[in-house]
Amino acid sequence: MKIETKAIHAGDRKADPSKPGGFVPVTTPIYTAASYIYESTAQLDRVLGREEEGYCYSRYDNPTNAALEELMASLENGHGALACSSGMTAVHIALLAALSDRRKSILAASALYGATTSLLNKVLEPLGIQVNFVDICDLDKVRAKIDDHQPGCVLMETISNPLLRVGDMDRIAELARAAGAALVVDNTFATPLLVRPLEHGAHMSVHSVTKFLAGHGDVMGGVIVSDQEHHVITRNLSRTIGPMLGPFESYLTMRGIKTFALRMERQCSNACRVASWLASHPRVSKVHYLADPAHPDAAVIRRLLPEGLFGAIVTFELKDAGKQEMFRFMDRLKLVVRATSLGDVHSLILYPVIASHRDVSPKQRERLGIHDGLVRLCVGIEAVDDIVADLEQALA
Ligand SMILES: *Cc1c(COP(=O)(O)O)cnc(C)c1O
């Protein structure tokens, strides 16, 4: 073989440990190849026919994604996982999978991530899927609405945004299962460190890995962790629709996940400190935080969440503050970053009135409890004294 040819081929495709001289990389490399070859056409035929396991085309499977999927499935004790290009893609594919063999009707928590509400109302409903909403923390209402609508899917978030309500996942799963509905849980705010939805009866758990799991504000991605039945459906949908994550993002996500538990623990303890500091500040009229013994879902929180881990998000209200006072407070922050997103290593603050609840009328916002003085803070891993000092000078 001529040197020109060797320069192109030598060294590649040696990652098979079963071959003599083969090696296994310590961390998963970024596999950018769109397709894969085998020693014989007969073997490629078997792989393409799914009679033999193997990679043939990256829309179906990709070794970098497969490593992330195995990691996520193991973190949440699922049968398998699908890595998607964003959290919203993960929610979309999970809902399609939930409804594939069921009544085309979704009963969703009324407090949902904004884009998820849009997905339901602006994409799925116009396609003929029935959409109904319910206060997911009111079990009697959940039961009644399931009876009324016989949904094929129940959709909830483990911890709601921005008021941090927590539904009784075990009971909701029982009600959904008894009615033959699939339970899809968006577990982004909780992460697998706090809650693993499949252990509480959910069929699928979805994440925006853009948030806590990747954790550094530099990657967009989503994951669906499923039981066996729904894993097969999501993968089949994915082969056809092509929602998969790119291998570069997959690599960054895996790299991020290696430290997510460490980051999350620190974020939770920082958030606890910040929440109790805020509660005693004269300008703060209300603090929403899961550690609060007076939280409306305190009993569920005690059952569902591990001791001492109450999440990184603190929502609070400034006394008699309107939009102008809120802008002023946020503009004075020097350390805490004013931006959308959450779950990053840095503290992030966002004003729901101009973000997640921008399209909700002021009247409806009041009804939901999203007052003009309310902000959502996602506490990062900085030294907590510095976070508190920044809030203190901005509130002065
Ligand atoms: C951010 C977020 C999403 C959407 O994820 P993207 O990665 O932005 O597409 C869905 N659900 C929740 C709870 C989120 O916070």
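A cavity here is a set of grid points where a 1.4 Å probe fits but cannot get out, and its lining residues have an atom within 4 Å of a point. Keep in mind that this is a predicted model.

**Exercise 1. The closed spaces**

Work out how many cavities of 30 Å³ or more the structure holds, and what lines the second largest one.

*Solution.*
Step 1: Start with the count, which is two cavities of 30 Å³ or more.
Step 2: Take the second largest cavity, with a volume of about 40 Å³. Its lining is made up of Ile 159, Leu 164, Phe 189, Leu 290, Phe 310, Gly 311, Ala 312 and Ile 313.
Step 3: Sort that lining by class, and you get seven nonpolar residues, one polar and no charged ones.
Step 4: Check the domains. Domain 1 (3-30 + 61-257) and domain 2 (260-395) each put at least three residues into this lining.

**Exercise 2. The largest cavity**

Find the volume of the largest cavity and the class make-up of its lining.

*Solution.*
Step 1: The volume comes to about 60 Å³.
Step 2: List the lining: Ser 58, Arg 59, Tyr 60, Asp 61, Asn 62, Asn 65, Glu 69, Leu 82, Ala 83, Arg 235, Ser 238 and Met 244.
Step 3: Split by class, the lining has four nonpolar, four polar and four charged residues.
Step 4: Now map it to elements. At least two lining residues come from each of α3 (63-75), β1 (80-84) and α9 (228-241).

**Exercise 3. Around the ligand**

Identify the polar atoms of Gly 87, Met 88 and Asp 186 that sit by the ligand, and say how much of the ligand the protein covers.

*Solution.*
Step 1: Gather the shell. Ser 86, Gly 87, Met 88, Tyr 113, Asp 186, Thr 188, Phe 189, Ser 208, Thr 210, Lys 211, Met 220 and Gly 221 surround the ligand.
Step 2: Class them: four nonpolar, six polar and two charged.
Step 3: Look at the backbone. Gly 87 has an N or O atom there that is 2.9 Å from a ligand oxygen, and a polar backbone atom of Met 88 also lies 2.9 Å from an oxygen atom of the ligand.
Step 4: Switch to side chains, where Asp 186 has a polar atom 2.6 Å from a ligand nitrogen.
Step 5: Finish with the cover. On its own the ligand has 380 Å² of accessible area, and the protein covers 94% of that.

**Exercise 4. An open pocket**

Determine which helix gives the most to the lining of the second largest pocket.

*Solution.*
Step 1: The pocket has a volume of about 790 Å³.
Step 2: Its lining runs to 30 residues, with Ser 110, Ala 111, Leu 112, His 357 and Leu 368 nearest the centre.
Step 3: Elements supplying at least two residues each include α5 (114-124), β3 (130-134) and α14 (362-368). The winner is α5, with six residues.
Step 4: By class, the lining holds 14 nonpolar, ten polar and six charged residues.
Step 5: Domain 1 and domain 2 each contribute at least three residues here.

**Exercise 5. Backbone oddities**

Spot what stands out about the backbone in the loop between β4 and α7.

*Solution.*
Step 1: Recall the baseline: most residues other than glycine have a negative phi, and most peptide bonds are trans.
Step 2: Pro 162 sits in the loop between β4 (153-157) and α7 (169-178). A cis peptide bond links Asn 161 to Pro 162, with omega about 0°.
Step 3: Leu 164 is in that loop too. Its phi is positive, about 55°, though Leu 164 is not a glycine.
Step 4: Tie it back to Exercise 1, where Leu 164 is among the residues lining the second largest cavity.

Technical notes:
Residues are numbered from 1 along each chain as its sequence is written. This is a predicted model: local features need pLDDT of at least 70, side-chain atom pairs count only at pLDDT 80 or more; totals for chains, interfaces and linings use all residues. Side-chain values use heavy atoms; hydrogens and water are left out. A residue is near a molecule or strand if one of its heavy atoms lies within 4 Å of it. A polar contact is a pair of N or O atoms within 3.5 Å; within protein, one must be able to donate a hydrogen and the other to accept it, and residues adjacent in sequence count only if both atoms are side-chain atoms. Accessible areas come from the Shrake-Rupley method with a 1.4 Å probe; for residues, only the protein chains shown count as cover. Ala, Val, Leu, Ile, Met, Phe, Trp, Tyr, Cys and Pro count as nonpolar, Asp, Glu, Lys and Arg as charged, and the others, Gly among them, as polar. On a 1 Å grid over the protein atoms alone, a cavity is a set of points where a 1.4 Å probe fits but cannot get out, and a pocket is an open set with protein on both sides within 12 Å along at least five of seven lines; lining residues have an atom within 4 Å of a point. Grid points are joined across faces, edges and corners, and a volume is the space filled by probe spheres set on the points. Helices (H or I, at least four residues) and strands (E, at least two) are DSSP runs, numbered from the N terminus. Domain bounds come from an automatic or database domain assignment.
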